[in-house]
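I am opening a page of notes on a structure that is new to me. I shall write down what I looked up, one topic at a time.

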Amino acid sequence: MSMIKGITVTLIDHIPDGKDAFGAPIYRTEEIPVDNVLVAPSTSDDVTTQLNLTGKKAVYTLAIPKGDSHDWKDKEVRFFGQRWRVFGYPTKGIDDLIPLAWNTKVMVEQYE
């Protein structure tokens with residue numbers, strides 16, 4: 001049993017749900033709770049690098065548990081009573097080479 005435990009983060013996904021009269025896709029919003037997500041403030045290096053590269057300010061870095069198959073790229077998430085937007089590509093490691101329960105990192109910015 002691990003001594004480190006994450007929180008539940010709500011991933012908000014948009015699922016295709018048909019087409020409108022003009023043939024444009026219609027999406028429905030689905031809220032997906034993801035348990036055991038680690039949330040840590042982004043380091044000053046991460047903040048500076050991301051601000052210089054993308055123009056976005058990284059506030060938190062999320063560690064996603066192994067076995068999670070959701071798409072995290074450019075998604076909205078909710079935790080700490082606020083909405084956040086994932087930006088950039090998720091960074092994923094090889095499960096067998098990472099000793100703990102998390103293998104994917106994403107950065108989030110505040111989203112209002």
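**Entry 1: the core**

I began with the largest nonpolar core, which has 15 residues, and I noted that those with the most contacts inside it are Leu62, Trp72, Val77, Phe79 and Val108. The elements that give two or more residues to this core are β1 (7-19), β2, β3, β4, β5 and β6. I should keep in mind throughout that this is a predicted model. As a general background note, I add that in soluble globular proteins nonpolar side chains tend to be buried together.

I then took one of these core residues, Val77, and asked which residues it is in contact with once its neighbours within four places in sequence are left aside. I found Val9, Thr10, Leu11, Leu62, Trp72, Gln82, Arg83, Trp84, Val86 and Val108 on that list.

**Entry 2: the barrel**

Next I looked up how the strands are arranged, and I found a closed barrel of six strands that runs β1-β2-β3-β6-β5-β4, with antiparallel pairing. From one strand to the next, the twist averages 45 degrees. Strands of a sheet pair, in general, through backbone hydrogen bonds, either parallel or antiparallel.

I went through several of the pairings in turn:

- Strand β5 (residues 82-92) is joined to strand β6 (residues 102-110) by six bridges, and the two run antiparallel; here I found Lys92 opposite Thr104 in β6, while Arg85 has Glu109 in β6 as its bridge partner.
- Between β3 and β6 I again read antiparallel pairing, over six bridges, with Leu62 standing opposite Val106 in β6.
- For β4 and β5 I noted four bridges and an antiparallel run, and I saw that Val77 stands opposite Trp84 in β5.
- For β1 and β4 I noted three bridges, also antiparallel, and I saw that Thr10 stands opposite Arg78 in β4.

I also checked how covered β6 is, and I found that it is mostly covered, with seven of its nine residues buried.

**Entry 3: the aromatic rings**

How many aromatic pairs does the count come to? I get five. In one of them, the rings of Tyr60 and Phe79 have their centres 5.7 Å apart and their planes at 75 degrees, and I record the pair as edge-to-face because planes over 60 degrees apart count as such. Since Tyr60 lies in strand β3 (residues 60-65) and Phe79 in strand β4 (residues 76-79), this pair ties together parts that are 19 residues apart in sequence.

Phe79 also pairs with Trp84: their ring centres are 5.3 Å apart and their planes are at 15 degrees, so I entered this pair as stacked. Is Phe79 buried or exposed? Its relative accessibility is 4%, so it counts as buried, and Trp84 is likewise buried, with a relative accessible area of 3%. Stepping back, I noted that ring pairs link Tyr60, Phe79, Phe80 and Trp84 into a cluster.

One more ring caught my attention, that of Tyr89, over which the charged end of Lys73 sits, 4.7 Å from the ring centre.

**Entry 4: positive phi values**

Last, I looked for residues with a positive phi, and I wrote down three of them with their surroundings.

Asn36 has a phi near 60 degrees, a positive value in a residue other than glycine. I located Asn36 in strand β2 (residues 25-41), and I noted that its relative accessible area is 18%, so that it counts as buried, the limit being under 20%.

Asp74 is not a glycine either, yet it has a positive phi of about 55 degrees. Where is Asp74 found? I traced it to the loop between β3 and β4, and at 39% relative accessibility Asp74 counts as partly exposed.

Phe80, which I had already met in the ring cluster, takes a positive phi near 55 degrees in the hairpin of β4 and β5, where two residues lie between the strands.

Note on methods
Residues are numbered from 1 along each chain as its sequence is written. This is a predicted model: local features need pLDDT of at least 70, side-chain atom pairs count only at pLDDT 80 or more; totals for chains, interfaces and linings use all residues. Side-chain values use heavy atoms; hydrogens and water are left out. Two strands pair if DSSP finds at least two bridges between them. Axes are lines fitted to C-alpha atoms, for helices over the stretch in contact, and angles run from 0 to 180 degrees between N-to-C directions. Rings of Phe, Tyr and Trp (its six-membered ring) pair if their centres lie within 6.5 Å; planes under 30 degrees apart count as stacked, over 60 as edge-to-face and the rest as tilted. Buried means under 20% relative accessible area, exposed over 50%, partly exposed in between (1.4 Å probe, protein chains only). A charge sits over a ring if NZ of Lys or CZ of Arg is within 6 Å of the ring centre and within 35 degrees of the ring normal. A nonpolar core is a set of buried Ala, Val, Leu, Ile, Met, Phe, Trp, Tyr and Cys residues joined through side-chain atoms within 4.5 Å. Contact means heavy atoms within 4.5 Å.
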